[in-house]
Amino acid sequence: MARRIEHRSTSEWAAARVYAALVDVDFLVDRLNELGGASSALVSHQETEDGVRFQVRHGVPSDELPAVARTVVGSDLTIDRSESWRQAEEGHYSGEVAAEISGAPCSITGSMWLRDLGDPDTSAVSEFVVSGAVRVSLPFLGGKLEDIVADQVQKLLIAEEHFMTEWLARHA
């Protein structure tokens, strides 16, 4: 059975400003340099007719993994994450995310929303929501590993939220 991931945060910037950063090559590279681990990379970035798609690679050293996870993957983790974003309407953006862990029977999928919480002309507050699921296809250990991965994803989303806040403040 899959484990749910729910993350909700607010920002002091309008959704259009947050979106512009989320899909910006410089932002993505800076975020990976700070949070992505040793083998991090911006694998691809493509502007499409209706938005932006990109793929990033994260690295996680095996010594940072819980013991039960090390027994399954055996070495450093490589996580490939793809995101696609588009503007649904003014002040509202939506996206999809998918991630796979190389060499592990694990997948992460989800949807993302970014929207203004008020009139963007009078209030610059926006909300970012991620709703997803972690699936690990292993008998007996699958549920335990799903819990571990879901917890790590939550921690990453919080770290990325903090990075976004600092990055936007520096680039205002």
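Q: What counts as a polar contact here?
A: A pair of N or O atoms within 3.5 Å. Within protein, one atom must be able to donate a hydrogen and the other to accept it, and residues adjacent in sequence count only if both atoms are side-chain atoms.

Q: Ground rules for the model?
A: This is a predicted model: local features need pLDDT of at least 70, side-chain atom pairs count only at pLDDT 80 or more, and totals for chains, interfaces and linings use all residues. Numbering starts from 1 along each chain as its sequence is written, and side-chain values use heavy atoms, with hydrogens and water left out.

Q: Which side chain does E83 join in a polar contact?
A: That of R81, at 2.7 Å.

Q: Is E83 buried or exposed?
A: Buried, because its relative accessible area is 5%. The cut-offs are under 20% for buried, over 50% for exposed and partly exposed in between, with a 1.4 Å probe and protein chains only.

Q: What does E83 touch further along the sequence?
A: Leaving out residues up to four places away, E83 touches R31, V52, R53, F54, E96, V97 and M112. Contact means heavy atoms within 4.5 Å.

Q: Where does E83 sit?
A: In strand β4, residues 77–89. Strands are DSSP runs of E, at least two residues; helices are runs of H or I, at least four; both are numbered from the N terminus.

Q: What pairs with β4?
A: β5 (residues 92–101) joins β4 by 10 bridges, antiparallel. β3 also runs antiparallel to β4, again with 10 bridges. Pairing takes at least two DSSP bridges between two strands. D80 stands opposite E100 in β5, and V56 stands opposite R81 in β4.

Q: What's the full strand order?
A: β1-β7-β6-β5-β4-β3-β2, an open sheet of 7 strands with antiparallel pairing. β1 (3–11) and β2 (41–47) are at the edges with a single partner strand each, so one side of each has no neighbour in the sheet.

Q: New topic. How do α1 and α4 pack?
A: Helix α1 (residues 15–22) and helix α4 (residues 142–170) cross at about 105°, axes 11 Å apart. So α1 is roughly perpendicular to α4. That label covers 65 to 115 degrees; under 35 is roughly parallel, over 145 roughly antiparallel, the rest oblique. Axes are lines fitted to C-alpha atoms, for helices over the stretch in contact, and angles run from 0 to 180 degrees between N-to-C directions.

Q: Which residues meet there?
A: R17, V18, A21 and L22 in α1 meet M164, W167 and L168 in α4.
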